[in-house]
Amino acid sequence: MNSNIMKIFILLSFFSGVFMIQAAKYQIIPIPQKLIPKNGSFKFNSKTVVLCDFNCPEEVRLAHQFVSQIQLVSGLNIPVLRNQQNLNARAIIFKLTTDSGAESYRLKVTPNFIQINAGAAAGIFYAMQTLYQLMPVEIYGNKLAHKVKWQVPCVEIVDAPRFAYRGLHLDVSRHFFSINFIKKYLDAMAIHKLNTFHWHLTDDQGWRIEIKKYPKLTQVGSIRAQTLEGYYFSNPQKFDGKPYGGFYTQDEAREIVAYAAQRFITVIPEIEMPGHSEAALASYPFLSCNNDTTIRVATNWGIFKDVFCPRDTTFRFLENVLTEIMDIFPSKFIHIGGDECPKDRWKSCSDCQQLIQKLDLKDENGLQSYFIHRIENFLNAHGRSIIGWDEILDGGLAPNATVMSWRGTAGGVEAANAGHNVIMTPVTSCYFDHYQGDPSTEPLAIGGFLPISQVYAYEPIAPELAANDKKYVLGSQANVWTEYMPNSRQVEYMVFPRLAALSEVLWSGKNQRNWNDFRGRLLTQFERYKQLDINYSKAFFNVSFQSQLTTDHQTQVFLSCDDPIAEIYYWISGKKFRYTHPIIVDKNMIINAQAFEKKIPVGKLLSKTFH
Ligand code: TNX
């Protein structure tokens, strides 16, 4: 190398090294749209104050929330003061400006002050979330942290979300989760800058929301006689023989709506219809075709043939239910399900067949479409809009409906093409009930395979979308169906850290996404999860095995680990090796492998046989 090129090379590596050290200070997830590293830091001390506009109650509330969290972990008592000029103190200044969107913010940290500017209180809230991530991870704790330096690296951040709808769903029918857990779930959503909680409140296996006019929905419909144990496809199936139940009172649901609102999260309730409704039919048989009194709250998983009969009495019931639901939930959207509705009962029900004739419908799909239209009319008349799973496209889409595309992206593309808003939640990228690691090493799940890298690679704007239709994609969400999540620890295990990956898909710019950089930042996110007592999955630290045939027909085994700082070791016939290149399988062999950080094992010891 000639000496000049050599110098440039040394300089370049020096600068990239400096850049990496700089970047290491900013472990923010989701990564902000723009971040300019700066030297120095702002140090919290007894002179620190928070300044805000006392005319804005939301701002004052957030300022108090901020200082009380800092006090809890640092012991520092930071006053919240009215914003005045010339205050001679080391200030954190909250300020609303008119030049940015409601969720956008600018955050400037200098050695002397921290300034947060935002278009609305939501933006201030998101700036606070970013600020927490610039602080030591102990900020997420719930007790005084000793020997922590309470300081923030200097930086300038300009940030705004990519998508308006950033959601997370929870099925509380298959398993029920306490109000306290729902609050923890909302707290975790807020940290990831998500803004929509889709609460799946009713299904075949349990009706979970109090409806005053129909008390049997919870007296009868919230309790199933027993629950399937183990895997659905095991033969014979086993049941636990124990009744299972639970529901939220309207007061509790209101408490959740208020708690979510304080975190700038909208709660969208889902009341399933016409399918997934056995719990309602078991409570009030008049809702079923032929008034079937033998229907019970389901004890097994799957799709059930008993569904709401589209008679007037059923609509009166649903309208009364939805009236109470609208009273509890102020959200613009009400989710009405619409998925997986077998038409068997409608085919053999004389009321249904007469209705098809009377309305001059083509078939039972037409009846499904009529069902959804009629409910949409009712909700629209009350100023609300419906969301439905993509089956609401069958037989003709209701005019103002938003489609949640789950069976893939085709439903979303079709709906957008017809000028409807869509929320993308395809089973291949957004189903957090699927396995995130090798099933043989993971707790029982429904099936599928969705490693965190695949969530991270997800792009909600499907390539098939015409340029003009992209605007109809409001955003995306992860779905958490809980057939195989019997308790909240298991929900946490399935949701985290995959939610961190989705948050970056939804918030950050498409071009900013960088898997290598993300997985480095995830290591700090795990420390935050520990502080928050979140039972995140450690699949990230397990070794994956991939085999491939070489051109000369030899089998090669590649080992990899998501953890970017891990070293992989493997054992063959008791001999230990450090993994540096693919392993050639020249005889039947068992490979045991494990990831280590600084010689300490971080993942499971996994074993695979190769022939
Ligand atoms: C399909 S996604 C369902 C749910 C199940 C889920 C399991 C959707 C609209 N319906 O009822 O719980 O699969 O992955």
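Modeller: Helices (H or I, at least four residues) and strands (E, at least two) are DSSP runs, numbered from the N terminus. The model discussed here is predicted, with local features needing pLDDT of at least 70, side-chain atom pairs counting only at pLDDT 80 or more, and totals for chains, interfaces and linings using all residues. Residues are numbered from 1 along each chain as its sequence is written, and side-chain values use heavy atoms, without hydrogens and water.

Colleague: What does the secondary structure of the protein chain come to?

Modeller: The protein chain has 17 helices and 29 strands.

Colleague: What makes the radius of gyration of the protein chain agree with that of a compact globule?

Modeller: The radius is taken over C-alpha atoms, and the globule rule is 2.2 Å times the number of residues to the power 0.38. For 611 residues a compact globule would have a value near 25 Å, and the protein chain has 27 Å, which therefore agrees.

Colleague: Why is His169 called buried?

Modeller: Buried means under 20% relative accessible area, exposed over 50%, and partly exposed in between (1.4 Å probe, protein chains only). His169 has 0%, so the residue is buried. His169 lies in strand S8 (residues 165-171). Leaving aside neighbours within four places in sequence, its contacts (heavy atoms within 4.5 Å) include Tyr185, His198, His200 and Trp389.

Colleague: Why do Cys56 and Cys52 not form a bond?

Modeller: A disulfide is a covalent bond between the sulfur atoms of two cysteines; here the term requires a pair of cysteine sulfur atoms within 2.5 Å. The closest cysteine sulfur to that of Cys56 is in Cys52, 8.1 Å away, so the two are too far apart for a bond. The search of the whole structure finds 0 disulfides. Cys56 itself is buried, because its relative accessibility is 16%.

Colleague: How many cavities of 30 Å³ or more are there?

Modeller: The count is 1 cavity of 30 Å³ or more. A cavity is a set of points, on a 1 Å grid over the protein atoms alone, where a 1.4 Å probe fits but cannot get out; lining residues have an atom within 4 Å of a point. Grid points are joined across faces, edges and corners, and the volume is the space filled by probe spheres set on the points. The largest cavity holds about 30 Å³.

Colleague: Which helix gives the most to the lining of the largest cavity?

Modeller: Helix H4 (residues 179-191) gives the most, with 4 residues. The lining consists of Phe181, Lys184, Tyr185, Ala188, Glu492, Phe496 and Ile534.

Methods
1 Å grid on protein atoms, 1.4 Å probe; cavity = no way out; pocket = protein on both sides within 12 Å on 5 of 7 lines; lining within 4 Å.
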